[in-house]
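Q: I am new to this structure and should be grateful for a close look at a single part of it. Please take one helix and explain how its residues are placed.

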Amino acid sequence: MQKLLLDLAERTAWTGAQAALGLAVVELAEVPVWWAAPVALALASAKSWVAGRLGRKGTASTLPASKDPASHGPVA
C-alpha cells in the first residue's frame, strides 16, 4: 500500500507542477490562458524524456530505480 501511495504522490506532484508552470508561463508571457494547455503538454513531454533517462525503463517515474516503488518487486 505504501508503494502505491508513493507512486500516486509522485504522479500527483508532477501533474500539479506541470499545470502550475503552464499557467505561470502564460501569465509571464502575457498571452491568452488557453496557451497553458500546450505549455503543460510540452512540460509533460520533457518529464517523459527525463523519466526515460533517470527512472526504471517501462515506468513513468522520474525517480532513480533504487527509489522507485515500481522497481521493487516483479515486473508485469
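A: The account below begins with the whole chain, then turns to helix α1 and what surrounds it.

The model is a predicted one. Its protein chain has 2 helices and 0 strands. Buried residues make up 21% of the 76 residues in the chain. The accessible surface amounts to about 5500 Å², and carbon and sulfur atoms hold 71% of that area. Of the contacts in the chain with a separation of 6 or more, 25% join residues that are 24 or more positions apart.

Helix α1 covers residues 2-29. Its length can be checked by simple reasoning: with 1.5 Å a residue, the 28 residues of α1 should span 40 Å, and because the end C-alpha atoms are 40 Å apart, the two values agree.

Which residues of α1 are buried? They are D7, E10, Q18, G22 and V26. These buried residues of the helix pack against α2. As a general point, an α-helix has 3.6 residues a turn, so residues three or four places apart point the same way.

Q18 offers a detailed view of this packing. This residue of α1 has a relative accessibility of 14%, and because buried means under 20%, Q18 counts as buried. When neighbours within four places in sequence are left aside, the contacts of Q18 are A40, L43, A44 and K47.

One of these partners, L43, lies in helix α2, which covers residues 36-54. The relative accessibility of L43 is 28%, so this leucine counts as partly exposed. With neighbours within four places in sequence again left aside, L43 is in contact with Q18, L21 and G22. Two of the residues named here, Q18 and G22, are also among the buried residues of α1. Another link is given by the C-alpha atoms of L43 and A17, which are separated by 9.2 Å although the two residues are 26 residues apart along the chain.

A contrasting part of α1 is found at L4, which belongs to this helix. Is L4 buried or exposed? Its relative accessibility is 53%, so L4 counts as exposed. Together with M1, L5 and L8, L4 forms a nonpolar patch on the surface. The accessible area of these four residues together is about 470 Å².

At the other end, α1 is followed by E30, which has a positive phi near 55°. In general, most residues other than glycine have a negative phi. E30 has its positive value although it is not a glycine. E30 is placed in the loop between α1 and α2. With a relative accessible area of 71%, E30 is exposed because the cut-off for that class is over 50%.

The last feature concerns aromatic residues. A pair of aromatic rings is generally described by the distance of the centres and the angle of the planes. The count for this model comes to 1 aromatic pair. Its members are W34 and W35, whose ring centres are 4.7 Å apart and whose planes stand at 25°, so the pair is stacked. W34 has a relative accessible area of 56% and is therefore exposed. W35, at 39% relative accessibility, counts as partly exposed.

To return to the helix requested, its buried residues pack against α2, whereas L4 is exposed and takes part in the nonpolar patch on the surface.

How values were computed
Residues numbered from 1 in each chain as written. Predicted model: local features only at pLDDT ≥ 70, side-chain atom pairs only at ≥ 80, totals over all residues. Heavy atoms only, no water. Helix = DSSP H or I, 4+ residues; strand = E, 2+ residues; numbered from the N terminus. Buried < 20%, exposed > 50% of the residue type's maximum accessible area, 1.4 Å probe, protein only. Contact = heavy atoms within 4.5 Å. Patch = residues over 30% accessible without salt bridge, like charges linked within 9 Å, V, L, I, M, F, W, Y side chains within 5 Å. Areas by Shrake-Rupley, 256 points an atom, 1.4 Å probe, with all protein chains shown as cover. Salt bridge = Lys/Arg side-chain N within 4 Å of Asp/Glu carboxyl O. Phe/Tyr/Trp six-rings, centres within 6.5 Å; stacked < 30°, edge-to-face > 60°. Expected span 1.5 Å × (residues − 1).
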